[in-house]
Amino acid sequence: MKTVSIIGAGAAGLMAAEILSQTNVNVTVYDAMPSAGRKFLMAGKGGLNISHSENFITFLTRYGERETEITPYINVFTPTNLCEWIQKLGIETFTGTSGRIFPKEMKAAPLLRKWLHQLRSRGVQFSMRHRWLGWKNNNTKQLIFDTPTGEKIVNTDVVILALGGGSWARLGSTGEWVKILRENGLNIETLQPSNCGFNIAWREYFQQRFASQPLKNVCLKFATFQKKGDLMFTESGIEGGLIYAASSLIRNEISKNNTATIFLDLFPEKTEIELLAKLCKPRGKLSVAQFWRRQLNLEGAKAGLVREILTIEELNSPEIVSHTLKNLPLILLSPRPLDEAISSAGGVPFEELNADLMCKKLEGVFCAGEMLDWEAPTGGYLLTACLATGRAAGFGVTKWLENSPN
Ligand SMILES: Cc1cc2nc3c(=O)[nH]c(=O)nc-3n(C[C@H](O)[C@H](O)[C@H](O)COP(=O)(O)OP(=O)(O)OC[C@H]3O[C@@H](n4cnc5c(N)ncnc54)[C@H](O)[C@@H]3O)c2cc1C
């Protein structure tokens, strides 16, 4: 019987194992960590957003520049298929008001437990605490692992690499594989933070007063991007779902021009003229802070942000303040480090792979999941593509073994 080694026990690797467990091959999943699915479990902490129910065409556009490459894999494992798959594991799903799809219990642990149980019952072996170091003498059929009992060589017919990106390294995805694959002749796009926060040079007062405070219901405008949502101030800058959604555009702008200026509309439900009318009312003996609070309910972090941007003279100009409330500029200096990001951009380019996700330069080596060069916003798109590409790699291996002469 042929031997398939899957390195990486995350969403992509486990899905590949699931496909192969239904065929006549020996499957072993290796992982550097002591247990499987650590990032999957972390993703479930605030509610495991596994996919999205929006119109399928819109769904596919979320993969941006890589929509064309990702589409074939999601076409055959759509959000509907994904929900059916979860339901077969005995987990119910529900769709939130935003269209995001979650398991009913929200957490990832019950799903992962059932999934691993099913894989084991189908004969999949798990070898944890096995850190892949590369191939022996460039032979892709001989894997080198660092294990608690020393270095180990494993012979295999095929390998699926599902090693994740480079964020949250403490959960296992360290990105060390980039060097190994480059040394084996693959062009790998450098891993970069995606769905990440950004650094801003706050003044000390703002930093001390407003770090960790949310900025609710604002509209973020950057180039063609325009979306309402919430942000969070941090000591070093800004983070939160709204900025994550624009992070790839902003990151690209920073790498071209060193900084990126975003604009915030702090009152998306009001026009500038309405704001101006309120600010033109007589102030009497009220301080600026009291006047803003009374006229516009403008206080706390929102008011702090306006004070951070404008000079004292400008704060007294109703025209300048009303304009700023609708178009507050923030200069973003750099993305936060990759390790803090929700996901990675960069990785193995699709140009290095055939349609079954096998490396064109390395026969019998397949890749899947976040380590491929695509990115998407949060909203369930990340896990959907990891599962879909893991599935494709599993089928790719089956096809390759059928056609392989030895
Ligand atoms: C806080 C957080 C919340 C998230 N929330 C969501 C969400 O709600 N919805 C969503 O769609 N996505 C979410 N994501 C992203 C999603 O979890 C990931 O995109 C997805 O889990 C990646 O799956 P993967 O299988 O490609 O890689 P991973 O899950 O990272 O698995 C890779 C595995 O490879 C192992 N490995 C790496 N290198 C080696 C080596 N050299 N030797 C052996 N093993 C190795 C690692 O230990 C790891 O287990 C979240 C991410 C984070 C960090």
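## Helix α1 and its surroundings

In this predicted model, helix α1 is largely enclosed by the rest of the structure, because 9 of its 10 residues are buried. The buried residues are Ala11, Ala12, Gly13, Leu14, Met15, Ala16, Ala17, Glu18 and Leu20, and they pack against a set of strands and helices made up of β1 (2-7), β2 (25-30), α2, α6 (109-121), β10 (158-161) and α16.

## The crossing of α1 and α16

One of these neighbours, α16, can be described in further detail, since the axes of α1 and α16 come within 7 Å and cross at roughly 35°, and the crossing by which α1 passes α16 is right-handed. On the α1 side the residues that meet α16 are Ala11, Ala12, Gly13, Met15, Ala16, Glu18, Ile19 and Leu20, while the residues they meet in α16 include Leu383, Cys386, Leu387, Thr389 and Gly390, with Phe395 and Val397 also among them. Sorted by class, the residues of this contact comprise 12 nonpolar, 5 polar and 2 charged.

## The shell around the ligand

Both of these helices also take part in the surroundings of the ligand, where α1 (11-20), α2 (38-43), β7 (131-136) and α16 (381-403) each supply at least two residues of the shell. Helix α2 gives the most, with 5 residues. There are 39 residues around the ligand, and those that come nearest are Gly8, Gly10, Gly164, Gly172 and Gly369. By class, the shell divides into 20 nonpolar, 13 polar and 6 charged residues.

## Two open sheets of three strands

Strands of a sheet pair through backbone hydrogen bonds, and the pairing may be either parallel or antiparallel. One open sheet of 3 strands is ordered β7-β8-β9 with antiparallel pairing, and its edge strands, β7 and β9 (150-155), each pair on one side only. Neighbouring strands of this sheet are turned by 30° against each other on average, with direction ignored. Strand β7, which also contributes to the ligand shell, pairs with strand β8 (residues 139-147) in the antiparallel sense over 5 bridges, and here the bridge partner of tryptophan 132 is phenylalanine 145 in β8.

Another open sheet of 3 strands has the order β3-β5-β4, again with antiparallel pairing. Its edge strands are β3 (51-52) and β4 (93-95), each of which pairs on one side only. Strands β3 and β5 (residues 100-103) run antiparallel and are joined by 2 bridges, with arginine 100 in β5 serving as the bridge partner of histidine 52.

## Strand β13 and its two partners

Strand β13 (residues 214-222) pairs with strand β14 (residues 225-233) in the antiparallel sense over 7 bridges, and lysine 221 stands opposite glutamine 226 in β14. The hairpin formed by β13 and β14 has 2 residues between the strands, and within the hairpin alanine 223 takes a positive phi near 50°.

Strand β13 is also joined by 3 bridges to strand β16 (residues 260-265), and these two strands run antiparallel. In this pairing leucine 220 stands opposite leucine 264 in β16.

## A residue in helix α11

Is alanine 277, which has 14 C-beta neighbours inside 10 Å, buried or partly exposed? This residue lies in helix α11 (residues 272-279), and it counts as partly exposed because a buried residue would need 20 or more such neighbours, whereas an exposed one would have 12 or fewer. Alanine 277 and leucine 372 are 95 residues apart in sequence, and their C-alpha atoms are 52 Å apart in space.

Methods. Residues are numbered from 1 along each chain as its sequence is written. This is a predicted model: local features need pLDDT of at least 70, side-chain atom pairs count only at pLDDT 80 or more; totals for chains, interfaces and linings use all residues. Two strands pair if DSSP finds at least two bridges between them. Helices (H or I, at least four residues) and strands (E, at least two) are DSSP runs, numbered from the N terminus. A residue is near a molecule or strand if its C-beta atom, placed from the backbone, lies within 6 Å of it. Ala, Val, Leu, Ile, Met, Phe, Trp, Tyr, Cys and Pro count as nonpolar, Asp, Glu, Lys and Arg as charged, and the others, Gly among them, as polar. Two residues are in contact if their C-beta atoms, placed from the backbone, lie within 7 Å. Axes are lines fitted to C-alpha atoms, for helices over the stretch in contact, and angles run from 0 to 180 degrees between N-to-C directions. A crossing is left-handed if the near helix is turned anticlockwise from the far one by less than a right angle, and right-handed if clockwise.
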